[in-house]
Amino acid sequence: MLNAGDTAWVLASAALVMLMTPGLAFFYGGMVRAKSVLNMLMMNFIALAVVGVLWALYGFTMSFGDDAFGGFLGNFHFAGLENTFGKLAGFAVAATDTTPAVAWPGPDGLPVLAFVMFQLMFAIITPALISGAIADRAKFWGWTLFVVVWVTVVYFPVAHWVFSFNGFIGENSVGGWIANNLKALDFAGGTAVHINAGAAGLALAIVLGKRKGWPKDTGRPHNVPFVLLGASLLWFGWYGFNAGSALAANDLAAVAFTNTTVATAAAVLGWLVVEQIKFGKPTTLGAASGAVAGLVAITPACGFVSPLGAIAIGLIAGAVCALAISLKFKFGFDDSLDVVGVHLVGGIVGTLLIGFFGTTSVNALGADGLFYGGGLTQLGRQAAAAGAVLAYSFVLSFIIGFVIKKAGGFRVSAEDEVSGIDEAQHAESAYDFTGTGGGLGHPNTIPVKSTPAAKLEESKA
């Protein structure tokens, strides 16, 4: 029977996760230069359009169809979202020796389409995360083509490996190898989302090369309040991301909600302490970045650790990510907005620390980590999953980006980069510093010569 409470929670969580992509756009948009902010907003916003269509056509079935093609991805039973209407998903009972093992005490009676929409929002934000690594220098349509190819050959298969559990979509459905065979734990996307996106960001930063003048000119954030607004929207939406991944309105959702809160708070403190020691001042940008680092790190662990473990993970992630963002200067790759330092490193930290802080007292379907008498077994599984996703994403992303760049469709010209890619790519600018009025409409709807400011200047002449 349909479970109305669980269904309502999953649909609400899907809406929260959808909000994260516009939140990410503000977070990234505030950190770029004023002449690049629209391009950055659009690089995030286009993911909603592109991935939304691809998910319905073939993305969901590649991710959650029965294991096929040697376990690489799902079959095409749900292509075009066929065979999803009026059907329920979920586990009626907890895992036993004779039923599939799962990473949460799953719901009984969740509409398949509610799950489809929830997972869509994960698929949307993952490529959007990558965009920060190549800020200030990417062609819009080249980026859009990259998103189309990347989600098809990277995200959808990896989502199948990590998120597709035996028996969830149907009684006899067979899922991916990381979830069901390796038994690595990833509650809400530390591997499939953050390590995946971080590795792709590193690959693209190398392929597209450095911005003009980098590293001497790193580009100052043009709007720090935007950054804090974006981080706050991400934090808010992340409750759907993590607590929603319980796929039920239950105790585990409350645990994930709690762990998300305390880990993020601890990560802010961890990052700011590092800033104080290194630079003598805590910064607003650091507080926002620390919050995101904590959110990233607790994502895979939020349903498997206690609140004390979550605080430890947050503190460690905040401090480690604050130090990791300087790696780009040491190794010479221009990761514009620290996707590698925050998402790749934070995702690895959170994934591995399950092997230390995981406890079955929180989730009987999880595992005890080293600090709870579980030895090193789970840590090895976590490392194997992280390494597999990192390597696969980096290699495929490098190849995709290299081909698009060689075809002339990825990096803007040096002239456009210097003058501003908003005008070059979108024929718009975020701010009008010359007009005396405001809100005059879209440039395509009001001729320049007809504006009050233009008429005033003409009369003066």
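**Stop 1: Arg137 and Asp334**

Select Arg137 and Asp334 in this predicted model, and you will find their side chains meeting in a salt bridge, with N and O 3.9 Å apart. Arg137 sits in the loop between helix 3 (112-130) and helix 4 (140-163), while Asp334 sits in the loop between helix 11 (327-331) and helix 12 (339-357), so this pair ties together parts that are 197 residues apart in sequence. Turn on a surface and look for the two residues. Arg137 is buried, with a relative accessible area of 0%, and Asp334 is buried too, at 0% relative accessibility.

**Stop 2: add Arg211**

Keep Asp334 on display and add Arg211. These two side chains also meet in a salt bridge, this one at 2.8 Å from N to O. Here, too, distant parts of the chain are linked: Arg211 belongs to the loop between helix 6 (190-208) and helix 7 (224-242), Asp334 to the loop between helix 11 and helix 12, and 123 residues separate them. Arg211 counts as buried, with a relative accessibility of 5%.

**Stop 3: Lys328 and Asp338**

Now move to Lys328. Which residue does Lys328 form a salt bridge with? The partner is Asp338, and the closest N and O atoms are 2.9 Å apart. Lys328 is in helix 11 and Asp338 in the loop between helix 11 and helix 12, ten residues away. Lys328 and Asp338 are both buried.

Before leaving the salt bridges, select Asp136, Arg137, Arg211 and Asp334 together. Salt bridges with shared partners join these four residues into one network. The count of salt bridges comes to six.

**Stop 4: the largest pocket**

Leave Lys328 and Asp338 on screen, as they return here. Show the largest pocket, which holds about 800 Å³ of space. Its lining is made up of 34 residues, and the closest to the pocket centre are Pro221, Leu285, Ile325, Lys328 and Asp338. So the salt-bridge partners Lys328 and Asp338 are among the residues closest to the centre of this pocket.

Next, colour the helices that contribute. Which helix gives the largest share of the lining? Helix 8 does, with five residues. At least two lining residues come from each of helix 1 (4-31), helix 8 (251-279), helix 9 (284-298), helix 11 and helix 12. If you colour the lining by class, you should see 17 nonpolar, eight polar and nine charged residues.

**Stop 5: Asn180 and a backbone oxygen**

Go to helix 5 (residues 177-182), where you will find Asn180. A polar atom of the Asn180 side chain lies 2.9 Å from the backbone oxygen of Gly176. Asn180 counts as buried, at 10% relative accessibility.

**Stop 6: the cysteines**

Select Cys302 and Cys321. Are they buried or exposed? Cys302 is buried at 0% relative accessibility, and Cys321 is buried at 0% as well. A search of the whole structure turns up zero disulfides.

**Stop 7: two pairs to measure with the distance tool**

Pick Leu208, in helix 6, and then Ala133. Their C-alpha atoms are separated by 9.9 Å, although the residues are 75 apart along the chain. Leu208 counts as buried, at 1% relative accessibility.

For the second pair, choose Gly80 and Leu54. They are 26 residues apart in sequence, and their C-alpha atoms are 9.2 Å apart in space. Gly80 lies in the loop between strand 2 (73-74) and strand 3 (88-90) and counts as partly exposed, at 43% relative accessibility.

**Stop 8: backbone details**

Most residues other than glycine have a negative phi, and most peptide bonds are trans. With that in mind, look at three places along the backbone.

- Trp214 and Pro215 are joined by a cis peptide bond, with omega about 10 degrees. Pro215 is in the loop between helix 6 and helix 7, the loop that also holds Arg211.
- Asn83 is not a glycine, yet has a positive phi of about 65 degrees. Look for Asn83 in the loop between strand 2 and strand 3, where Gly80 also lies. Asn83 counts as partly exposed, at 31% relative accessibility.
- Leu247, also not a glycine, has a positive phi of about 55 degrees. Leu247 is in the loop between helix 7 and helix 8 and is buried, with a relative accessible area of 2%.

Technical notes: Residues are numbered from 1 along each chain as its sequence is written. This is a predicted model: local features need pLDDT of at least 70, side-chain atom pairs count only at pLDDT 80 or more; totals for chains, interfaces and linings use all residues. Side-chain values use heavy atoms; hydrogens and water are left out. Helices (H or I, at least four residues) and strands (E, at least two) are DSSP runs, numbered from the N terminus. Buried means under 20% relative accessible area, exposed over 50%, partly exposed in between (1.4 Å probe, protein chains only). A polar contact is a pair of N or O atoms within 3.5 Å; within protein, one must be able to donate a hydrogen and the other to accept it, and residues adjacent in sequence count only if both atoms are side-chain atoms. On a 1 Å grid over the protein atoms alone, a cavity is a set of points where a 1.4 Å probe fits but cannot get out, and a pocket is an open set with protein on both sides within 12 Å along at least five of seven lines; lining residues have an atom within 4 Å of a point. Grid points are joined across faces, edges and corners, and a volume is the space filled by probe spheres set on the points. Ala, Val, Leu, Ile, Met, Phe, Trp, Tyr, Cys and Pro count as nonpolar, Asp, Glu, Lys and Arg as charged, and the others, Gly among them, as polar. A disulfide is a pair of cysteine sulfur atoms within 2.5 Å.
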